[in-house]
Amino acid sequence: MGGRLGRQGTPVDAFHVSDDAWITTTVDVTPWLPRKLAAILAHRSEVVRGAAPGRIAALSPADQHRALGTEWYIRRELALRPATDTALRA
C-alpha cells in the first residue's frame, strides 16, 4: 500500500482517511481555506465539545493548512444495476 495521508505522529495524522494508493484525484483548495475554516469553526457547539471542528480549531495555522488545504477523492466504479422490468404481462 502507499503512504498515509498526513504524517504519522502529528496532529494532522488524526484526520487520516485512506492510504494514498487509493486516491485518484487531489484538489488544492487553499484559495478557499479561510472560508472553509470559517464554515467548520462556525459550529461552535462542536468546537466546545471537542468534535472534529474542535480538533481543527486546536491545530496551529500551519497544521490547519496541511490538514485542510487539499481534498482527496477516491473514484469507485459504480455497480451496474439490472434494468427494471416494466413490461405488462397478461
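Helices and strands here are DSSP runs, with at least four residues for a helix and at least two for a strand, numbered from the N terminus. On that basis, the protein chain of this predicted model reads β-α-α-α-α-β along the sequence. It holds four helices and two strands. The points below cover the chain as a whole, then helices α1 and α4, the nonpolar core, and two single residues.

**Whole chain**
- The protein chain has 90 residues, and 22% of them count as buried.
- About 7100 Å² of the protein chain is exposed, and 57% of that area is supplied by carbon and sulfur atoms.
- Among contacts in the protein chain with a separation of 6 or more, 56% are between residues 24 or more positions apart.

**Helix α1**
- Helix α1 spans residues 33-41, and its buried residues are Leu33, Leu37 and Ile40.
- These three residues lie on the same side of α1, because they cover an arc of only 65° around the axis.
- Pro34 and Arg35 are exposed on the other side of α1.
- The cover over the buried residues of α1 includes α3 and α4.

**Helix α4**
- Helix α4 runs over residues 61-68, and Asp63, Gln64, Ala67 and Leu68 are buried in it.
- The arc covered by these residues is only 110° around the axis, so they sit on the same side of α4.
- The buried residues of α4 pack against three elements: α1, α3 (52-58) and β2 (70-73).

**How α1 and α4 meet**
- The axes of α1 and α4 are 11 Å apart, and the two helices pack at an angle of about 100°.
- Angles of 65 to 115 degrees count as roughly perpendicular, and α1 and α4 are therefore roughly perpendicular to each other.
- On the α1 side, the residues that meet α4 are Leu33, Lys36, Leu37 and Ile40.
- On the α4 side, their counterparts are Gln64, His65 and Leu68.

**Nonpolar core**
- The largest nonpolar core has seven residues: Leu33, Leu37, Ile40, Ile56, Leu59, Ala67 and Leu68.
- Both α1 and α4 supply at least two residues of this core.
- Helix α1 provides the largest share of the core, with three residues.
- Leu33, Leu37 and Ile40 are thus named twice here, as the buried residues of α1 and as members of the core.
- Ala67 and Leu68 belong to the core and are also among the buried residues of α4.

**Gln64**
- Gln64 is located in helix α4.
- Its relative accessibility is 12%, and because buried means under 20%, Gln64 counts as buried.
- Leaving aside residues up to four places away in sequence, Gln64 touches Leu37, Ile56, Ala57, Leu59 and Gly69.
- Of these contacts, Leu37, Ile56 and Leu59 are listed in the largest nonpolar core.

**Ile74**
- Ile74 lies in the segment after β2.
- With 31% relative accessibility, Ile74 falls between the limits of 20% for buried and 50% for exposed, so Ile74 counts as partly exposed.
- Ile74 and Thr26 are 48 residues apart in sequence, while their C-alpha atoms are 9.1 Å apart in space.

Definitions and conventions. Residues numbered from 1 in each chain as written. Predicted model: local features only at pLDDT ≥ 70, side-chain atom pairs only at ≥ 80, totals over all residues. Heavy atoms only, no water. Buried < 20%, exposed > 50% of the residue type's maximum accessible area, 1.4 Å probe, protein only. Contact = heavy atoms within 4.5 Å. Areas by Shrake-Rupley, 256 points an atom, 1.4 Å probe, with all protein chains shown as cover. Arc of directions from axis to C-beta. Core = buried A, V, L, I, M, F, W, Y, C linked by side-chain atoms within 4.5 Å. Axes fitted to C-alpha atoms, helices over the stretch in contact; angles between N-to-C directions. Parallel < 35°, antiparallel > 145°, perpendicular 65-115°, else oblique.
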